[in-house]
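Me: I'd like a close look at one part of this model, the place where a pair of helices meet. Here it is.

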Amino acid sequence: MNRAEPLSIVVVEDYGILREELVHFLALNHYTVAGVNCSLGLDDWLASQRRPPDMTVLDLNLPGEGGLEVARRLRATYPAMGIVMLTGRKEAADRISGYTSGADVYLTKPVSGEELLAVLHSLQRRLRPPPSAAWQLDLQHHGITSPGGAGCELSANECAVLAGMARARDRIADSAELLLLCSGEEGTLNKGYLGVLLSRLRRKLAALSPDTAPQLIRAVRNKGYQLLIPLEIR
């Protein structure tokens, strides 16, 4: 999913004036939004889309199939979709039915635009959580991903050296300790080999995050090497 792309919402509301107002309001607030008036209209709209919407704003009192049944189908078919029920039903039993049918949020009419936006923003944090500020090292698949989402493959020894620095105190690892983590033919694993490996590793990391290129790994005199980026190991 492209994080620069606005979230998409479909409004399922049979009252035409309210539906148009909601569609207009959400579009003004930078959502990609469509409106339909019943479950059949929703099914036709879904069939025309490349992918389902991120969120649905759903009335319960719909002609034909009711909103609770629609919510159950949506939740079963699209488990990750955000579902906001927006209805005039205010009894506790109605709220319970709404949540058990799959709603993330149950709002009663009339609702202010500010409250609806707050609810949608809250759901957005679940649907598109902010990227981690740390780099991600995948030891099983020998890969690393930058905080911006760019990734590349690493050798087993590159992974081992990165993990060794990340786990060391102050993220400073002695050269000899790093060499012990590497595998290779006896006699080839020396400080020269380690220097070449770290140089290659710096280039790979710099290509993934050019802005932080000068601050990735540094040599610490009489100590070894220090990892200067936050790194989570999986």
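Which residues in α6 meet which residues in α8?

Reply: Bear in mind that this is a predicted model. On the α6 side you'll find Asn157, Glu158, Val161, Leu162 and Met165. Facing them from α8 are Tyr193, Leu194, Leu197, Leu198, Arg200, Leu201, Lys204 and Leu205. Sorted by class, the contact of α6 with α8 has nine nonpolar residues, one polar and three charged. As for the geometry, α6 covers residues 156-167 and α8 covers 191-208, and their axes come within 10 Å and cross at roughly 85°. That angle falls in the 65 to 115 degree range, so α6 and α8 count as roughly perpendicular to each other.

To put that contact in context, take the sheet next. It's an open one with five strands in the order β2-β1-β3-β4-β5, paired in parallel. β2 (32-36) and β5 (105-108) sit at the edges with a single partner strand each, so one side of each has no neighbour in the sheet. From one strand to the next, the twist averages 20°. Four bridges join β4 (residues 82-87) to β5, and valine 84 stands opposite valine 105 in β5. Helices pack on this sheet too: α2 (residues 39-47) touches β1 (8-12) and β2, with its direction at about 140° to that of β2. Helix α3 (residues 67-77) touches β3 (55-58) and β4, and its direction makes about 175° with that of β4.

Notes. Residues numbered from 1 in each chain as written. Predicted model: local features only at pLDDT ≥ 70, side-chain atom pairs only at ≥ 80, totals over all residues. Heavy atoms only, no water. Axes fitted to C-alpha atoms, helices over the stretch in contact; angles between N-to-C directions. Helix = DSSP H or I, 4+ residues; strand = E, 2+ residues; numbered from the N terminus. Parallel < 35°, antiparallel > 145°, perpendicular 65-115°, else oblique. Contact = heavy atoms within 4.5 Å. Nonpolar A, V, L, I, M, F, W, Y, C, P; charged D, E, K, R; others polar. Pairing = 2+ DSSP bridges.
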